[in-house]
Amino acid sequence: MKIGVVGYGEVGKIFAVGLKQTAESVCCWDIRFESVTDSELQLMHAGQHQVKVCASVAELCAQSDLIISVVTASN
């Protein structure tokens, strides 16, 4: 199964890394990826754990059989 994770903060990282162990693939997207100052650590973490980073929610949806949203309630 191909899994997409919307939100790559604390919870998103835990889900993505845990699911990577059994899923065919895991990709992620976070609004902070668009910010140069906020994205560096998240992108580095994804790369270290073989989690594919998507450029948009549309890309994530196209590559996923199941999508998990782990954004804050205010979003």
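1. In this predicted model, a useful place to begin is His-45. Once its neighbours within four places in sequence are set aside, His-45 is in contact with Tyr-8, Lys-13 and Val-17. The residue itself lies in helix α2, which covers residues 36–48. With one of these partners there is also a polar contact: the side chains of His-45 and Tyr-8 are joined at 2.7 Å.

2. The next residue to consider is Ala-46, which also has its place in helix α2. Is Ala-46 buried or exposed? Its relative accessibility is 0%, and because buried means under 20%, Ala-46 counts as buried. Apart from residues up to four places away in sequence, Ala-46 touches Tyr-8, Cys-28, Val-51 and Val-53. Tyr-8 therefore appears in the contact lists of both His-45 and Ala-46, where contact means heavy atoms within 4.5 Å.

3. A distance to a residue further along the chain may help the student with orientation. Ser-74 is 28 residues from Ala-46 along the chain, and the C-alpha atoms of the two are separated by 24 Å.

4. The secondary structure should be described next. The chain contains three helices and four strands. Read from the N terminus, the elements follow the order β-α-β-α-β-α-β.

5. How are the four strands ordered in the sheet? They form an open sheet in the order β3-β2-β1-β4, and the pairing is parallel. The edges of this sheet are β3 (52–53) and β4 (66–69), each of which pairs on one side only.

6. One pairing deserves a closer look. Strand β2, made of residues 25–29, pairs with β3 in the parallel sense, and two bridges connect them. Within this region, Cys-27 stands opposite Lys-52, a residue of β3.

7. Overall dimensions come next. Along its principal axes, the C-alpha trace spans about 30 × 25 × 20 Å. A compact globule of 75 residues would have a radius of gyration near 11 Å; the chain has 11 Å, so the two agree.

8. Finally, burial, contacts and surface may be taken together for the whole chain. Of the 75 residues, 35% are buried. Among contacts between residues at least 6 apart in sequence, 59% join residues at least 24 apart. The chain exposes about 4600 Å², and carbon and sulfur atoms supply 58% of that area.

Definitions and conventions
Residues numbered from 1 in each chain as written. Predicted model: local features only at pLDDT ≥ 70, side-chain atom pairs only at ≥ 80, totals over all residues. Heavy atoms only, no water. Polar contact = N/O pair within 3.5 Å; in protein donor to acceptor, adjacent residues only side chain to side chain. Pairing = 2+ DSSP bridges. Buried < 20%, exposed > 50% of the residue type's maximum accessible area, 1.4 Å probe, protein only. Rg over C-alpha atoms; globule rule 2.2 N^0.38 Å. Areas by Shrake-Rupley, 256 points an atom, 1.4 Å probe, with all protein chains shown as cover.
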